[in-house]
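Please open the model in a viewer and keep a selection tool at hand. The tour below proceeds by stops, each with a selection to make and a description of what is found there.

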Amino acid sequence: MKGKKWILAVKFKGEPAPSNFKLIEEDIDENLNTGEVICEAVYLSVDPYMRVIVNDVNEVMKGEQVARVIKTKHSDFRVGSLVLGQFGWRNLTKVSDPSMIRPIPELGELSPSLALGSLGMTGLTAYYGVLDVLKVKAGETFVVNAAAGAVGSVAGQIAKLKGCKVIGFAGSKEKCDLIKEYGFDYAFNYKEVTLEQALSEAAPEGVDCYFDNVGGEFTNNMLSFMKTKGRIAICGSISTYGMEDRQPTGSLPYLTINRKTLTVQAFLVYHYSAEWPDALKEMIQWVKEGKIKYRETITDGFDKMVDAFIGLFKGTNMGKAVVKC
Ligand SMILES: NC(=O)c1ccc[n+]([C@@H]2O[C@H](COP(=O)([O-])OP(=O)(O)OC[C@H]3O[C@@H](n4cnc5c(N)ncnc54)[C@H](OP(=O)(O)O)[C@@H]3O)[C@@H](O)[C@H]2O)c1
């Protein structure tokens with residue numbers, strides 16, 4: 001059996017480009033030992049972190065997928081069942097280590113692709129960032145950027161559910177309209193409005209909680225709009241992923257952080273993985289009740305993985321970016 005996989009052909013320099021990737025064939029041995037399965041990709045996730053964690057030429061691009069079991073010698077996984085797997089950018093995967101596979105949460109009528117987005121890793125990132133890191137309280141003013149994306153759109157909605165005034169920044173009018181539909185109190189296109197203009201209108205009192213997906217200049221500028229004792233959750237810094245020097249050696253804004261006695265906490269969703277099942281139950285309930293709305297940008301075809309991935313850095317996705325095989 002022949003499978004296909006995307007590898008890093010040329011090391012990243014700046015934003016990812018088609019020339020960084022190569023699609024190659026691989027042989028899949030169909031003879032299975034006990035405990036092994038072969039899975040066929042159904043939906044593949046593309047996520048910004050992939051730009052940062054894959055560095056070696058010829059390395060398979062990493063990532064999670066929803067896959068269908070097509071051959072099995074494992075009693076827990078029957079043919080036809082859907083699973084979640086950290087299989088990388090592959091359309092067929094022989095799995096010898098069952099710990100690479102997780103069951104899909106019970107989603108009922110909902111699309112299994114949501115297990116990669118709002119009801120998967122990115123939705124949970126929003127959940128823990130808002131509820132555990134920031135510990136938002138009703139009446140607080142909450143700001144999130146990349147606000148129409150997979151994490152940001154859910155983060156803003158959870159903060160709204162908890163009674164915050166929610167302000168989102170996103171890169172187009174269409175995206176701002178979407179998050180207003182989701183109940184955000186304010187939505188600003190950061191390409192057209194400065195933070196000063198936006199926050200003097202939406203948060204003249206200052207910001208209590210800032211959920212940061214973007215980093216870089218946006219975050220440096222945000223600090224002066226934080227209230228004394230404000231809290232910042234460092235979720236990601238997509239604006240810096242393509243930079244040669246992601247950790248500038250110039251002075252960091254410690255003085256402002258100190259003067260305002262800010263709490264700045266970074267977090268990784270995988271550190272909460274033991275708690276995911278309980279959080280997912282609550283998230284699934286919210287989605288089913290319509291309290292959390294979602295959008296997916298679904299790109300058709302395994303051969304379009306690169307286009308979907310590059311789109312994250314150009315802002316072409318609304319909600320979770322997923323590739324359908
Ligand atoms: N801590 C964790 O465990 C964890 C887990 C998952 C994700 N993350 C991080 O969370 C962030 C969002 O991830 P996601 O999966 O939800 O992606 P996403 O928001 O669905 O997609 C990326 C979005 O980022 C915006 N963007 C891209 N380049 C930008 C730039 N230079 N400046 C400002 N905005 C830019 C674009 O939206 P606009 O059109 O609005 O610019 C784009 O649509 C990323 O930083 C990611 O690394 C962290």
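A residue counts as exposed when its relative accessible area is over 50%, as buried when that area is under 20%, and as partly exposed in between. The model on display is predicted.

**Stop 1: a salt bridge within one helix**

Select D177 and K173, whose side chains meet in a salt bridge with an N to O distance of 2.8 Å. Both residues belong to helix α4, where they are four residues apart, about one turn of the helix. K173 has a relative accessibility of 60% and therefore counts as exposed. D177, at 36%, counts as partly exposed.

Next, select K5, E26 and R90, which are joined into one network by salt bridges that share partners. Over the whole structure, a search finds 18 salt bridges.

**Stop 2: two further salt bridges**

Select K94 and E36. Their side chains form a salt bridge at 3.7 Å, N to O. K94 is in strand β6 (residues 92-95) and E36 in the loop between β2 (21-27) and β3, so this pair ties together parts that are 58 residues apart in sequence. E36 is buried, with a relative accessible area of 9%, whereas K94 counts as partly exposed at 27% relative accessibility.

Then move to D132 and K135, where the side chains meet in a salt bridge of 3.9 Å, N to O. D132 is partly exposed at 30% relative accessibility, and K135 is partly exposed at 49%.

**Stop 3: the domains**

Colour residues 2-117 together with 296-324 as domain 1, and residues 121-270 as domain 2, following the domain assignment of the protein. The C-alpha centres of domain 1 and domain 2 are 29 Å apart.

What passes between domain 1 and domain 2? Contacts link 20 residues of domain 1 with 15 residues of domain 2. Between them the two domains bury about 1,400 Å², 55% of it on carbon and sulfur atoms. The count of salt bridges between domain 1 and domain 2 is zero, while seven residue pairs, both at pLDDT 80 or more, are in polar contact. To view the side of domain 1 that touches domain 2, select α1 (50-53) and α9 (305-314), each of which supplies at least two of its residues.

**Stop 4: the largest nonpolar core**

Which members of the largest nonpolar core touch the most other members? Select V66, L119, Y128, V130, F142, I158 and F211, which do so among the 53 residues of this core. Elements that each supply at least two residues of the core include the strands β3 (37-45), β8 (141-145), β9 (165-170) and β11 (207-212). The helices α2 (121-133), α3 (150-161), α4 (173-181) and α8 (276-288) likewise each supply at least two. Why does this core lie between domain 1 and domain 2? Both domains give residues to the core, so it lies between them.

Now centre the view on V66. Leaving aside neighbours within four places in sequence, V66 is in contact with A41, V42 and Y43, with L82, V83 and L84, and with I104, P112, A115 and L116. Apart from the largest core lies another core, of 22 residues; among them are W6, W89, Y241 and A308.

**Stop 5: two buried polar residues**

Select E64, in the loop between α1 and β4 (65-72). E64 is buried, with a relative accessible area of 6%. The side chain of E64 makes a polar contact of 2.6 Å with the side chain of R102. Beyond four places in sequence, the residues that E64 touches include L44, S45, Y49, L84 and M121.

Finally, select S153 in helix α3. Is S153 buried or exposed? With a relative accessible area of 5%, S153 is buried. A polar atom of the S153 side chain lies 2.6 Å from the backbone oxygen of G149. Not counting residues up to four places away in sequence, S153 touches A146, A147, A148, Y182 and F184.

Technical notes:
Residues are numbered from 1 along each chain as its sequence is written. This is a predicted model: local features need pLDDT of at least 70, side-chain atom pairs count only at pLDDT 80 or more; totals for chains, interfaces and linings use all residues. Side-chain values use heavy atoms; hydrogens and water are left out. A nonpolar core is a set of buried Ala, Val, Leu, Ile, Met, Phe, Trp, Tyr and Cys residues joined through side-chain atoms within 4.5 Å. Buried means under 20% relative accessible area, exposed over 50%, partly exposed in between (1.4 Å probe, protein chains only). Domain bounds come from an automatic or database domain assignment. Contact means heavy atoms within 4.5 Å. Buried area is the accessible area (1.4 Å probe) that two parts lose on being put together, summed over both. A salt bridge is a side-chain nitrogen of Lys or Arg within 4 Å of a carboxyl oxygen of Asp or Glu. A polar contact is a pair of N or O atoms within 3.5 Å; within protein, one must be able to donate a hydrogen and the other to accept it, and residues adjacent in sequence count only if both atoms are side-chain atoms.
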